[in-house]
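This briefing goes through one protein model by topic, from overall make-up to local backbone features. Please keep the structure open while reading.

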Amino acid sequence: MTSSVQATAEHPPGLIARLGAEALGTMFLVLVAVGVKIFSTQQGGPATALAIGLSVTAGMIAFGYVSGGHFNPAITLGTLIAGRIRAVAALAYVVAQVIGAVVGAALVYFVVLASPVLADARAALGTAAAGYGEHSAAQTQLAGVLLAEVIGTAILVGVFLGATAGRRAIAALAPIAVGLATAVLLQFGEIVGNLPFNPARATGQAFFSPSWALEGLWLFWVGPLLGAALAGFVFRGFSNFPAAAPVAGDVPEAGNDGGAAGAVQAPAVPATAEAPVDRSRTADTADEARDFFDGKKGQ
């Protein structure tokens, strides 16, 4: 087992493997989100939000070491703006996430078709689709839903960025932090309009819902991406702050090279020794969130 982990750290997964992990993780998330919402006897509520949050935690634990565990275009955008992933890889991530979301929603749709109790499959999936106005449980209008999506997604992306970087970040706790944040935000967003704070999930649900879901889908891309950009710029700004003056007894830190903002740095190497270079971390594979789950922070 140890040799397998070391091999993964020395040879980071390629882009295809990372895209597969993102697609599978997003499919699992949407499958749980839509399925639990439709088949829950409570028709939503804390149980649904908690189930979705747990699915995020499980997905990050299962696939985070491969891709970083985004499963959300908003998180990928925030990670891109924060300088932790290349633009080409980020775009590929989004495509994989949308494909995974559509597959996940399709699986639930086919299950609903086989249920004699639910006569209209599209109407059933519509109960889980994001909406505003007459399609919101609280009749929340467009401006209110947009504001909620921006704020909620900014918080979610901020939690992800903060939990996967920093001197005191703990890899085992990051999935729990992101999962709990997701559950809390979804409980808030459910009454506002089934807000997913995830454009990929909103897209997958809309494809198999009544036509109004697709007509309003643009809102559930614009809002989350604005929130993600806000969080990404804030964290990028954090990385540009000057380092604090060293305190007696502190472990010296290496200078910030821009490649792993906020990550734990290795102790200074004596002048007589040559620091080893990890040549596996090329520009094409650099992704601080994925490196965090690989246990490679600060390398």
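Which residues have the most contacts inside the largest nonpolar core? They are V157, L195 and F220, in a core of 33 residues. The model is a predicted one, and the protein has 12 helices and 0 strands.

**Overall make-up**

- Read from the N terminus, the order of elements is α-α-α-α-α-α-α-α-α-α-α-α.
- The protein has 299 residues, and 49% of them count as buried.
- Among contacts between residues at least 6 apart in sequence, 77% join residues at least 24 apart.
- The exposed area of the protein is about 14,100 Å², and carbon and sulfur atoms supply 69% of that area.

**Confidence**

- The average pLDDT of the protein is 81, and 74% of the residues score at least 70.
- Helix α5 (residues 87-113) has the highest confidence, at 97, while helix α1 (residues 2-10) has the lowest, at a mean of 45.
- Residues 1-8 stay under 50 in pLDDT, and the model gives them 2 contacts beyond four places in sequence.
- Residues 249-285 also have a pLDDT below 50; this stretch has 48 contacts in the model beyond near neighbours in sequence.
- Where pLDDT is low, predicted coordinates should not be read in detail.

**Nonpolar cores**

- In soluble globular proteins, nonpolar side chains tend to be buried together.
- The largest nonpolar core here has 33 residues. Two or more residues of this core come from each of α2, α3 (46-67), α4 (73-81), α7 (142-163), α8 (174-193), α9 (199-207) and α11 (219-239).
- Helix α7 gives the largest share of this core, 6 residues.
- Leaving out residues up to four places away in sequence, F220 touches A130, G131, V145, E149, L195, P196, P199 and A202.
- A second core, separate from the largest, has 15 residues, among them V30, V108, A121 and A124.

**Small residues in helices α2 and α7**

- A21 is part of helix α2 (residues 15-39). Its relative accessibility is 5%, so A21 counts as buried.
- Beyond four places in sequence, the contacts of A21 are F63, V66, S67 and F71.
- A21 and M60 are 39 residues apart in sequence, with a C-alpha to C-alpha distance of 9.7 Å.
- G158 is part of helix α7. Why does G158 count as buried? Its relative accessible area is 17%, and the cut-off for buried is under 20%.
- G158 is in contact with A231 and F235, leaving aside neighbours within four places in sequence.
- From G158 to A228 the C-alpha to C-alpha distance is 8.1 Å, although the two are 70 residues apart in sequence.

**Helix α3 and the loop to α4**

- The buried residues of α3 are T48, A49, I52, G53, S55, V56, T57, G59, M60, G64, V66 and S67.
- At I61, α3 bends by about 45 degrees.
- G68, just after α3, has a positive phi of about 100 degrees.
- F71 is in the loop between α3 and α4 and is buried, with a relative accessible area of 3%.
- Most residues other than glycine have a negative phi. The phi of F71 is positive, about 60 degrees, although F71 is not a glycine.

**Helix α8 and the loop to α9**

- The 20 residues of α8 should span 28 Å at 1.5 Å a residue, and the end C-alpha atoms are 28 Å apart, which agrees.
- Helix α8 has a kink of about 25 degrees, centred on Q187.
- Just after α8, N194 takes a positive phi of about 55 degrees.
- F197 is in the loop between α8 and α9; its relative accessibility is 1%, so F197 counts as buried.
- F197 is a residue other than glycine with a positive phi, near 55 degrees.
- N198 is found in the loop between α8 and α9. Is N198 buried or exposed? At 3% relative accessibility, N198 counts as buried.
- Not counting residues up to four places away in sequence, N198 touches L29, F71, N72 and P73.

Conventions. Residues are numbered from 1 along each chain as its sequence is written. This is a predicted model: local features need pLDDT of at least 70, side-chain atom pairs count only at pLDDT 80 or more; totals for chains, interfaces and linings use all residues. Side-chain values use heavy atoms; hydrogens and water are left out. Helices (H or I, at least four residues) and strands (E, at least two) are DSSP runs, numbered from the N terminus. Buried means under 20% relative accessible area, exposed over 50%, partly exposed in between (1.4 Å probe, protein chains only). Contact means heavy atoms within 4.5 Å. A nonpolar core is a set of buried Ala, Val, Leu, Ile, Met, Phe, Trp, Tyr and Cys residues joined through side-chain atoms within 4.5 Å. The expected span of a helix is 1.5 Å times one less than its number of residues. The bend at a residue is the angle between axes fitted to the seven residues ending there and the seven starting there. Accessible areas come from the Shrake-Rupley method with a 1.4 Å probe; for residues, only the protein chains shown count as cover. pLDDT is the predictor's confidence in each residue, from 0 to 100.
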